[in-house]
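Me: I am new to this structure and would like a close look at its backbone, at the places where a peptide bond or a phi angle deserves a comment. Please put these places in the setting of the whole chain.

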Amino acid sequence: MTPPPPVTDRAPSDPPGGLAPEHSGTFDAALGDAELLAARAALAQGRWQSARSLLLHTGDDWDRRGHRVTVLAAGPGAPSRAGQWLLAEPGSADAATLLALALVRRALRGEEDPEHARASCRTAAGLAPADPTPWLGLLLLARALGPEAELTAAFKELRARHPEHHHGHHLFIAGLAERPPGGPESHEAYDTAERAAAEAPADSPLAVLPVVAYAERHRVLAAAGLAPAVPGPAPCAHWTGPRARRVLRAAFDWWLEWEHDEHPRRHLDLNHLAFAMSAAGRPAEAAALFHRIGPHATRAPWSYTGQDPWAAFHQARAHALATG
């Protein structure tokens, strides 16, 4: 199915809850970052100077930098624009990092030699030794193409530079979730996610990582026919065991107390929480989360259902708002 066009900001005519009618909701990886949206548009038009300014002012806010670079890198013409920037400013770590992530995106689409993308990431890492973003590029490649040893190695390097890296933890947990389980409520992904959440500061969004681990296992189980694919009116057993209930309660309580509107990937956490509450048969909590998500639906975890992710999101949202 051809991916739908990017979502726009909420229009004045949108109904309460932040979404336009059923078929107008779509996905945009920028997640409402207005400065990023402007820089991405300029880059698509052949102007790299806005991207340069954006990354300069992002500084060492590593989660935001990783988010912005990966979104810019996925845009049309990003490799050529980053190459032009690098020609104008040889040795620019920002330009080299954008080029590296753009080549990673091409490699993931089968349009670039993965080894060339890996080499570009290593070059960027050499220009900015403290920056985890080039290692995020290597982690993206390892997650998609393997081998597993590279996933672990890249994650270790990334965490050495930013122990709470949001995107990196999501990728690593997704990889772990595909390993065989030790029991119905026992899995390495769960243990790793709970340990990361416990070690992070109290206000860290990694508090939601255990829910992400359960969502990733839901993906694996649903693909194997061992769990219902689409959250429906009946609670899914995967989300109603003692450990799952504890994880959901802790993450939802964290959101009520600590939610940070400024985190660049907060909508991804909100979508994971809404997916989890929907699958657990808790429409009141899900409804609160859907209201908070507004127009910022994310492809994951709704793509884990095996159906069109927007349709899965809308179905779960409609049920929660009707019954919650």
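Reply: The backbone comes first below, and the whole chain follows.

This is a predicted model, in which local features need pLDDT of at least 70 and side-chain atom pairs count only at pLDDT 80 or more, while totals for chains, interfaces and linings use all residues. Residues are numbered from 1 along each chain as its sequence is written, and side-chain values use heavy atoms, with hydrogens and water left out.

Between Gly146 and Pro147 the peptide bond is cis, with omega near -5°. Pro147 sits in the loop that links α7 (133-145) to α8 (148-161); helices here are DSSP runs of H or I with at least four residues, strands are runs of E with at least two, and both are numbered from the N terminus. A cis peptide bond also joins Ala300 to Pro301, with omega near 10°. Pro301 belongs to helix α15, residues 299-302.

Leu31 is not a glycine, yet has a positive phi of about 55°. Leu31 is found in the segment before α1 (34-44). Its relative accessibility is 9%, so Leu31 counts as buried (under 20% relative accessible area, with over 50% exposed and partly exposed in between, using a 1.4 Å probe and protein chains only).

As for the setting, the chain has 16 helices and 0 strands. Of its 324 residues, 52% are buried. The C-alpha trace spans about 60 × 50 × 40 Å along its principal axes. Among contacts (heavy atoms within 4.5 Å) between residues at least 6 apart in sequence, 66% join residues at least 24 apart.
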